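User: I would like to learn how to read some features of a protein structure, starting with the way helices pack. Could you take me through them one at a time?

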Amino acid sequence: MKGWPYPIGASIKGNGVNFSIYSKNSTAVELLLFTDPDDTEPNETIVFDNKLNRTESYWHVFVPGLKAGQIYGYRIYGPFRPEKGYLFDSQKVLLDPYSKLVVLPKTYQRELAEKPGNNQASAMKSVVVDTSTYDWEEDRCPRHSFVQTIIYELHVKGFTRHPNSGVVEGKRGTYAGLIEKIPYLKDLGITAVELLPVFQFDNQDAPPGNKNYWGYSPVSFFAPHRAYSSRKDILGPLDEFRDMVKALHKADIEVILDVVYNHTSEGDQNGPTLCFKGVENKAYYLLNTDGTYGDYSGCGNTINANHSIARRMILDSLRFWVSEMHVDGFRFDLASVLSRDEYGNPLQSPPILWEIQSDPILAGTKLIAEAWDAAGLYQVGNFIGDKWKEWNGKFRDDVRSFIRGDEGSISNFASRILASPDLYGHKNQPADTSINFITCHDGFTLNDLVSYNEKHNRANGQDNRDGTNHNLSYNFGEEGPSTDPAIVRIREQQIKNFLAVTLLSYGTPMILMGDEVRRTQKGNNNAYCQDNEISWFDWDLLKKNASLYRFVRLLNGFRLNTNLSEADDALPLMEFLQTKRQIDWSGVHLGKPDWSATSHSLAGTVRSNKKDSVLFLACNAYTEDMNFEIPDSHDFNKMNWFRIIDTSLPSPDDIVLLENAEIVEGDSYLVKARSVVFLIAPSSSWFADFYSKI
């Protein structure tokens with residue numbers, strides 16, 4: 001039957017399925033129907049009629065009798081002229097660019113899609129789905145403001161794959177396994193999980209002998225990754241992913257997806273033909289004049305994001321994940337790629353970015369940009385629009401430099417604490433525009449940041465050439481694990497310093513999976529292909545480093561007004577974060593900050609507008625103890641100062657609930673070498689009311 005060009009992809013209509021695919025320059029299209037993922041031949045081939053089944057650039061057909069679960073693929077004919085950008089290869093079975101699920105045969109081989117010849121027996125295939133039958137019950141997106149958000153970046157598989165995770169073997173490393181760990185996330189104080197890529201990717205896209213673990217290698221922008229599902233039925237991953245989202249929402253935790261719209265797993269001219277190359281290469285990729293691929297992603301190719309077809313696909317993908325999968329937001333990998341035109345030049349007003357910001361279906365979702373790309377376009381502080389938040393790479397680098405004790409870092413450090421007004425002040429952006437982080441999947445873990453001077457990536461098979469050399473790390477005298485008590489102590493203290501600064505700064509904090517228990521990658525700062533215990537969360541660390549976990553849990557609670565005290569009228573840090581970014585800077589002497597290049601100390605006083613209370617933060621990155629003058633709390637009509645945090649103290653004194661806090665006597669506080677101190681002076685009326693309730 002003729003079918004319809006819209007909607008694009010495979011759509012259940014009445015008693016059958018409508019198939020539609022864009023392929024402007026092809027000359028013929030065949031739809032291949034399979035019964036099983038491992039079928040070497042289709043059980044039926046439907047040849048599209050060039051007149052009946054084609055409307056302009058869209059090929060379409062309606063097939064009665066088909067249902068959800070039907071496996072299919074395409075064979076597309078046309079010119080094969082790589083120098084002109086035409087790569088039609090009728091010997092390759094192609095995925096539907098709008099696949100909502102993908103299956104792999106047991107014989108899948110990436111290399112067969114790279115070489116000439118027929119790959120039908122080993123090709124990935126698409127699956128027809130019906131999203132309307134899932135019971136979302138009363139699911140509601142939490143819609144936390146960024147001020148009320150603490151992001152936890154995690155890998156779906158790595159979070160529960162370790163044998164000691166406590167998750168049953170069949171669910172380890174899956175969406176279902178993550179559901180079992182929601183109580184952990186809730187106890188830690190997390191309000192949003194940022195999941196490393198969950199779009200279907202090719203795990204064979206890695207050096208020989210390794211697997212692609214991170215997932216920054218998409219083959220579909222709609223399908224949840226099948227290997228992360230514990231279910232073996234063909235439609236299972238779709239429902240299991242939605243079960244996970246629904247369970248996280250019930251726990252008041254948002255789901256942010258790390259999305260890769262800048263490149264695909266098809267690589268450059270030497271890469272495989274899996275989907276886009278063979279469907280309409282010139283529409284989906286940026287091409288050079290000789291037909292080779294413009295590489296602004298560092299991964300061989302670049303999506304032609306501002307082409308009308310690629311742009312529509314990206315928007316349709318985002319809408320699908322919001323409307324059908326109920327996700328709460330997106331972190332855009334190498335987002336600056338999306339601002340480039342068909343020649344790779346940066347656009348002042350990129351259509352795709354404005355359309356994402358203004359799309360009504362995406363209204364209310366969190367949009368986070370990694371505002372740079374692999375070709376040197378760096379847009380931190382200057383990303384388009386007024387809705388986007390940004391991964392603040394300068395926060396990471398400048399805080400690392402200051403805490404390490406680098407000279408010339410004091411001024412930048414002060415700006416980062418205030419959510420980088422030097423970057424965002426010209427746009428009058430709110431403080432939460434800055435996503436503050438010290439570590440993420442790409443680079444050292446927090447434990448390794450204070451344990452290694454150099455990267456140790458030889459396991460990746462690239463002779464330690466991969467991964468950044470700009471780590472701003474310090475091992476404190478011994479490379480790697482140490483049994484020296486002094487080194488062990490200072491490393492943990494530095495970890496607490498990093499966490500305290502991140503959680504006490506203006507902006508939106510992000511924590512890397514496992515940093516709260518000192519997860520290590522053994523010095524590997526580019527573990528993209530390490531699907532093993534180098535990357536997995538080691539749950540034995542929770543017991544081994546229980547004191548650090550407690551520190552982070554209370555720190556998160558303080559920021560969000562939970563666990564700070566048992567009173568209903570506690571002092572949430574987020575109240576201070578909703579005010580203007582104003583602070584009275586000091587050094588060791590009140591009102592006299594030292595902004596010189598050799599300075600390694602800084603203090604600041606902030607007054608609350610709502611509770612009429614005062615906070616005092618002191619950071620000493622010197623190798624010697626320093627006595628900091630503190631304001632007279634009575635100058636603010638307050639009670640005494642109370643010490644909440646001192647990272648130099650052993651647990652449980654390093655962070656305490658307000659009702660257990662010690663009064664700070666005198667007009668100064670001794671801030672030990674390489675430590676952070678945080679004091680509170682609550683108003684007498686608040687304190688009296690607080691004690692009347694306990």
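Analyst: Please keep in mind from the start that this is a predicted model. We can begin with pairs of helices, then turn to a single helix, and end with individual residues.

User: How does one describe two packed helices, and at what angle do H8 and H12 pack?

Analyst: In general, two packed helices are described by the angle between their axes and by the distance between those axes. Here helix H8, residues 393-404, packs against helix H12, residues 485-504, at an angle of about 135°, and their axes are 11 Å apart. Angles over 145 degrees would count as roughly antiparallel and those from 65 to 115 as roughly perpendicular, so H8 and H12 are oblique to each other. The crossing of these two helices is right-handed.

User: Which residues of H8 and H12 meet?

Analyst: From H8 come Phe395, Val399, Arg400, Ile403 and Arg404, and they meet Gln494, Asn497, Phe498, Val501 and Thr502 in H12. Sorted by class, this contact of H8 with H12 has five nonpolar, three polar and two charged residues.

User: At what angle do H8 and H9 cross, and is their crossing left-handed or right-handed?

Analyst: The axes of H8 and helix H9, which covers residues 410-417, come within 9 Å and cross at roughly 130°, and H8 and H9 are therefore oblique to each other. Their crossing is left-handed, whereas that of H8 and H12 is right-handed. The contact between H8 and H9 is made by Lys394, Phe395, Asp398, Val399 and Phe402 of H8 together with Ile410, Asn412, Phe413 and Arg416 of H9. By class, the contact of H8 with H9 has five nonpolar, one polar and three charged residues.

User: Turning to a single helix, how many residues does H6 have, and which of them are buried?

Analyst: One can compare the span of a helix with the span expected from its number of residues. Helix H6, residues 308-323, has 16 residues and reaches 22 Å from its first C-alpha to its last, which is close to the 22 Å expected at 1.5 Å a residue. The buried residues of H6 include Ile309, Met313, Leu315, Phe320 and Trp321, and Arg311 and Ser317 are also among them.

User: Is Met124 buried or exposed, and what is it in contact with?

Analyst: Buried means under 20% relative accessible area, so Met124, at 4% relative accessibility, counts as buried. Met124 is placed in the loop between strand S10 (102-103) and strand S11 (125-127). When its neighbours within four places in sequence are left aside, Met124 is in contact with several residues, including Val93, Leu95, Tyr108, Asp202 and Val219. Val102 is another of these contacts, and although Met124 and Val102 are 22 residues apart in sequence, they are 6.8 Å apart in space, C-alpha to C-alpha.

User: What should I look for in the backbone itself?

Analyst: Two things to look for are the omega angle of a peptide bond and the sign of phi. Tyr6 and Pro7 are joined by a cis peptide bond with omega about 0°, and Pro7 lies in the segment before strand S1 (9-13). The peptide bond from Ser651 to Pro652 is also cis, with omega near 10°, and Pro652 is in the loop between strands S24 (642-646) and S25 (662-663).

User: And what is phi in Glu56 and Ala419?

Analyst: Glu56 is not a glycine, yet its phi is positive, at about 55°; Glu56 lies in the loop between strands S5 (54-55) and S6 (58-64), and is exposed, with a relative accessible area of 71%. Ala419 also has a positive phi, near 65°, but Ala419 is buried, with a relative accessible area of 0%, and lies in the loop between H9 and helix H10 (421-424).

Terms used:
Residues are numbered from 1 along each chain as its sequence is written. This is a predicted model: local features need pLDDT of at least 70, side-chain atom pairs count only at pLDDT 80 or more; totals for chains, interfaces and linings use all residues. Side-chain values use heavy atoms; hydrogens and water are left out. Axes are lines fitted to C-alpha atoms, for helices over the stretch in contact, and angles run from 0 to 180 degrees between N-to-C directions. Helices (H or I, at least four residues) and strands (E, at least two) are DSSP runs, numbered from the N terminus. Angles under 35 degrees count as roughly parallel, over 145 as roughly antiparallel, 65 to 115 as roughly perpendicular and the rest as oblique. A crossing is left-handed if the near helix is turned anticlockwise from the far one by less than a right angle, and right-handed if clockwise. Contact means heavy atoms within 4.5 Å. Ala, Val, Leu, Ile, Met, Phe, Trp, Tyr, Cys and Pro count as nonpolar, Asp, Glu, Lys and Arg as charged, and the others, Gly among them, as polar. The expected span of a helix is 1.5 Å times one less than its number of residues. Buried means under 20% relative accessible area, exposed over 50%, partly exposed in between (1.4 Å probe, protein chains only).
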